[in-house]
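Opening the notebook on a new model today. I want to go through the ligand shell, the domains, the core and a few odd residues.

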Amino acid sequence: MPHDDSPPVLRAEGLTKRYGSRTALTDCHLNVPRGRVIGLVGPNGAGKSTLLNLACGLTAPTAGRLRVLGAPPAADAAHLARVGFVAQDTPVYAGFTVAEHLRMGAKLNPSWDQSLAERRIAQVGLNPAQKAGGLSGGQRAQLALTVAAAKRPELLIFDEPAAALDPLARNGFLQNLMEFVSELGASAILSSHLLSDVELVCDYLIVLCDARVQVAGDVADLLADHHRVVAPRGELDLLHPRVEVVGMEHTGRYSRAVVRAERLLPEPSWTVEPVRLEELVLTYMTRAAGAPGGRLVGAGR
Ligand SMILES: Nc1ncnc2c1ncn2[C@@H]1O[C@H](COP(=O)(O)OP(=O)(O)OP(=O)(O)O)[C@@H](O)[C@H]1O
């Protein structure tokens with residue numbers, strides 16, 4: 001189990017990745033504590049897969065620094081064993097049976113937990129003799145999750161794990177993921193376009209847009225620090241300059257803003273409400289897409 005003084009699961013300092021002239025990540029800073037289920041969200045091409053590939057050591061940064069569990073990604077065999085990765089499309093070997101996947105996992109991973117793997121395979125109803133090529137998308141995802149988890153990693157990384165699954169299979173997969181994370185005492189990062197999934201399982205959020213981290217933090221803290229403020233048009237100019245206006249729109253005689261502030265001092269004519277995770281994410285994405293309304297001020301974050 002992680003200790004309070006254990007190094008962060010992910011620490012990025014000025015992390016930048018370019019593919020030729022294309023910038024996939026630029027000057028990213030992250031400091032994610034252990035024991036979290038981290039949702040990595042952002043539009044297509046935002047840099048999510050690039051960040052996960054960097055974390056797995058599948059590619060190297062162009063500039064900056066990344067540490068995973070306190071060490072460079074894939075630093076050595078021992079470090080590789082501490083991280084389980086399920087790539088997009090949950091790849092499996094079509095010609096291998098379910099049981100052969102487990103045998104291969106046992107051969108390749110010194111910390112392999114065969115009884116965990118067999119128990120999970122039985123729980124999700126996979127036939128050990130079935131060839132993986134004949135499995136449904138949901139079954140393939142369950143097999144890939146089982147193989148990654150039976151390594152007993154400290155960190156599980158998933159790139160859009162449930163994208164191809166129907167709602168029922170997705171629900172089952174996410175339930176399993178949460179069970180694994182708590183059984184292993186592990187951390188997990190999953191990228192997803194499905195904000196409802198992120199809301200369901202994640203307690204830490206990273207919003208990545210246009211190659212940059214827009215916001216990151218514990219979901220509970222982010223929800224506590226963001227507010228929806230509705231006020232008569234023009235009155236939001238009275239917001240304290242240290243309040244960060246993430247997004248604002250005007251309808252008729254009213255203005256509606258999503259703001260970030262630990263403490264708000266609203267006027268009596270204002271309505272202040274909590275925001276939901278989905279609204280928070282969409283507001284940051286809209287701001288990054290260049291829509292008008294955001295006001296970035298020196299809020300010291
Ligand atoms: N191997 C590569 N060669 C060249 N450009 C790449 C490569 N991989 C990613 N890119 C580019 O880097 C940017 C970020 O891509 P990335 O796949 O990390 O985004 P993403 O957020 O995972 O997108 P999606 O949600 O569509 O999967 C995109 O502009 C993409 O075209």
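My entries follow, one topic at a time.

**Entry 1: what I'm looking at.** This is a predicted model, so I'm reading everything below as computed from it. I pulled the UniProt record for context: the unreviewed entry lists residues 10–235 as "domain: ABC transporter". I checked that span in the model and got 35% helix and 29% strand, with its end C-alpha atoms 41 Å apart.

**Entry 2: ligand shell.** Which residues sit around the ligand? I get Tyr-19, Arg-22, Ala-24, Gly-42, Asn-44, Gly-45, Ala-46, Gly-47, Lys-48, Ser-49 and Thr-50. Sorted by class, that shell holds three nonpolar, six polar and two charged residues. Two elements each supply at least two of the shell residues: β2 (22–32) and α1 (48–55). The largest share is from α1, with three residues.

**Entry 3: domains.** The domain assignment splits the protein into domain 1 (10–210) and domain 2 (225–288). I noted 35 Å between their C-alpha centres. The contact between them takes eight residues from domain 1 and six residues from domain 2. On the domain 1 side, α7 (195–201) and β8 (204–209) are the elements giving two or more residues. Helix α7 has the largest share of that side, three residues. I also sorted the domain 1 side by class and found six nonpolar, no polar and two charged residues.

**Entry 4: the core.** I looked up the largest nonpolar core next, and it has 82 residues. The ones with the most contacts inside it are Leu-145, Leu-156, Ile-157, Ala-188, Val-207 and Tyr-284. Helix α5 (residues 137–150) gives the largest share, eight residues. Where does this core lie relative to the two domains? Both domain 1 and domain 2 give residues to the core, so it lies between them.

I picked Leu-156 out of that list for a closer look. Leaving out residues up to four places away in sequence, Leu-156 touches Gly-84, Ala-148, Ala-149, Phe-180, Val-181, Ala-186 and Ala-188.

**Entry 5: positive phi.** Two residues other than glycine caught my eye here: Asp-210 has phi near 55°, and Ala-211 has phi near 75°. Asp-210 lies in the loop between β8 and β9 (212–218), and Ala-211 is found in the loop between β8 and β9 too. Are they buried or exposed? Asp-210 counts as partly exposed because it has 16 C-beta neighbours inside 10 Å. Ala-211 has 22 other C-beta atoms within 10 Å, so it is buried.

**Entry 6: Ser-6 and Pro-268.** Ser-6 is in the segment before β1 (10–19). With 14 other C-beta atoms within 10 Å, Ser-6 is partly exposed. I then took a distance to Arg-34: the two are 28 residues apart along the chain, and their C-alpha atoms are separated by 7.6 Å.

Pro-268 is in the loop between β12 (254–260) and β13 (271–274). I find 4 other C-beta atoms within 10 Å of Pro-268, so I logged the residue as exposed. What is the C-alpha to C-alpha separation of Pro-268 and Ala-186? I get 46 Å, for a pair that is 82 residues apart in sequence. Ala-186 had already turned up among the residues that Leu-156 touches.

Terms used
Residues numbered from 1 in each chain as written. Predicted model: local features only at pLDDT ≥ 70, side-chain atom pairs only at ≥ 80, totals over all residues. Near = placed C-beta within 6 Å. Helix = DSSP H or I, 4+ residues; strand = E, 2+ residues; numbered from the N terminus. Nonpolar A, V, L, I, M, F, W, Y, C, P; charged D, E, K, R; others polar. UniProt positions renumbered as here; feature names shortened; annotations may be inferred. Core = buried A, V, L, I, M, F, W, Y, C linked by C-beta atoms within 7 Å. Buried ≥ 20, exposed ≤ 12 C-beta atoms within 10 Å, placed from the backbone. Domains from an automatic or database assignment. Contact = placed C-beta atoms within 7 Å.
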